[in-house]
Amino acid sequence: MKQEPTQIRDPIHGYIYVSELERKIIDSAIFQRLRRIRQLACAHLIYPGAHHTRFEHCIGTMHLAKIASTHLHSQGKMNKEQCKQLNAAALLHDIGHGPFSHLFEEVLAERGITHENITTRIIRETEISDILKEYGIDPIKFSELCVGLSNNHPRFMNDIIAGFLSVDTMDYLLRDSYFSGVEYGKVDVHRIINAYEISNKSLAINRDSLYALEALMLARYEMFRAVYFHKSVRACAIMLTKAMTLSDETLHFSNLKKLKNYLDLTDESTINKILNSEPKNENTKFAKELVNDYLNRRMLKLVFEKEVLRTDQFIGKIFSQSKFRSNISEEISKKSKVPERYIFIDVSTATSVPTTSTKRSLSEITIISRAAKKKTVQKIRVGELPLINSILGYMDIIRIYTTDKYKEKVSQAVNTIFEKENR
């Protein structure tokens, strides 16, 4: 006997209805793990309400994918099997996230691993694979759709999962702004989704909803500035990332030979592993110090901040060369007589508008107009949209932090160095 769809009450979208396949995925231990990974890592120390997790974000993203697939199915653009796979892919798009979400990727960066790489492995190598096969879905091909890189599905399905008009972006903006308590991320996502069009197998949008698209991009821009790149949020992020990186040699966080070891990692288990590790060397001792400070909200102190233009060659080197940043850190240490490990150079950089599903900078948008039963397809450059043109480019911020103990010494050294370079 076929079960009735399961209902989930969500504070962002209201009632969300879950199919039998989706319920089995949600009930799996692999997916339940996402309850223990915060969406915004450490932002709750600055925005106390931001305790929401990847679990509810994935369910919300699936809900918006269902609205999209229903809309496109009604237009004859998608069949039922494609709808089923799109909805499931949206549900699983973040299944590969490690502890503290994107922060853990910085630990994996030296190995060239991203959470998308791990997502495909989890879908192919765990119980998720068995669930998908039960419903006639090939886990290998399907896993590529979950990260927006499938050649076996229409381009527009990838775009809905990971493109500039993605349901992922729409859900995290709504959800992050709601739980952090800011006003920037409020977007009319239903207007955008119901304006979805298909052109040359890629996702396009109806001209009548261009203003809603502009609002989406502006909301994303403001959320990066106010929440994701907030100076204190980044201070906490640096502490956690550094602690995990320093502990990697002894705790082997980045060793992914056994996927189970990775899947055992959550926000709290990672903290506990670091705190309970043997202080074998200076790295592990410093990692424990950073974690203790994080837990007690003794955050790093900002001593220098600059929003950057790429035409600034000196600052440009800091963004492009880790070795150059290391040299600056060493120079600050010598001038301030502060141990270098207490000097942190943070580079926050992101495109000011979303990227495409292939991770390329968004340069143009396909617009479809309908008048008197006539369909007109037009490509317009992003810079032609007046509001978007005003923010087009990169959000680049360089910040230098230290501990409260060394704030005055490091601040004086930093001011000396940067004044010299700007002469």
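**Terms and values in the predicted model**

Me: Why is Cys146 called buried?
Reply: Cys146 has a relative accessible area of 1%, and buried means under 20% relative accessible area, with exposed set at over 50% and partly exposed in between (1.4 Å probe, protein chains only), so Cys146 meets the term. This is a predicted model, in which local features need pLDDT of at least 70 and side-chain atom pairs count only at pLDDT 80 or more, while totals for chains, interfaces and linings use all residues. Residues are numbered from 1 along each chain as its sequence is written, and side-chain values use heavy atoms, with hydrogens and water left out.

Me: What makes the sulfur of Cys236 unbonded to the closest cysteine sulfur?
Reply: The closest cysteine sulfur belongs to Cys42 and lies 4.7 Å away, whereas a disulfide is a pair of cysteine sulfur atoms within 2.5 Å, so the pair is too far apart for a bond. By this rule the model has zero disulfides, and Cys236 is itself buried, with a relative accessible area of 1%.

Me: How do you know that the length of helix H3 agrees with its number of residues?
Reply: Helices are DSSP runs of H or I with at least four residues, and strands are runs of E with at least two, numbered from the N terminus. The expected span is 1.5 Å times one less than the number of residues, which for the 21 residues of H3 (residues 54-74) gives 30 Å, and the end C-alpha atoms are 30 Å apart, so the two values agree.

Me: What makes H3 largely enclosed by the rest of the structure?
Reply: Of its 21 residues, 17 are buried, so H3 is described as largely enclosed; just after this helix, Gly76 takes a positive phi of about 80°.

Me: Why is Glu105 said to have no salt bridge?
Reply: A salt bridge needs a side-chain nitrogen of Lys or Arg within 4 Å of a carboxyl oxygen of Asp or Glu, but the nearest side chain of opposite charge, Arg54, is 7.5 Å from Glu105, which is nevertheless buried. Glu105 lies in helix H5 (residues 103-108).

Me: How do you know that E3 and E4 pair, and in which sense?
Reply: Two strands pair if DSSP finds at least two bridges between them, and E3 (residues 196-199) and E4 have four, in the antiparallel sense, with Tyr196 opposite Ile205 in E4. Strand E4 (residues 202-206) has four of its five residues buried, and with E7 (residues 364-371) E4 pairs in the parallel sense over two bridges, where Ile367 is the partner of Ile205.

Notes:
Lys, Arg positive; Asp, Glu negative; His and termini not counted.
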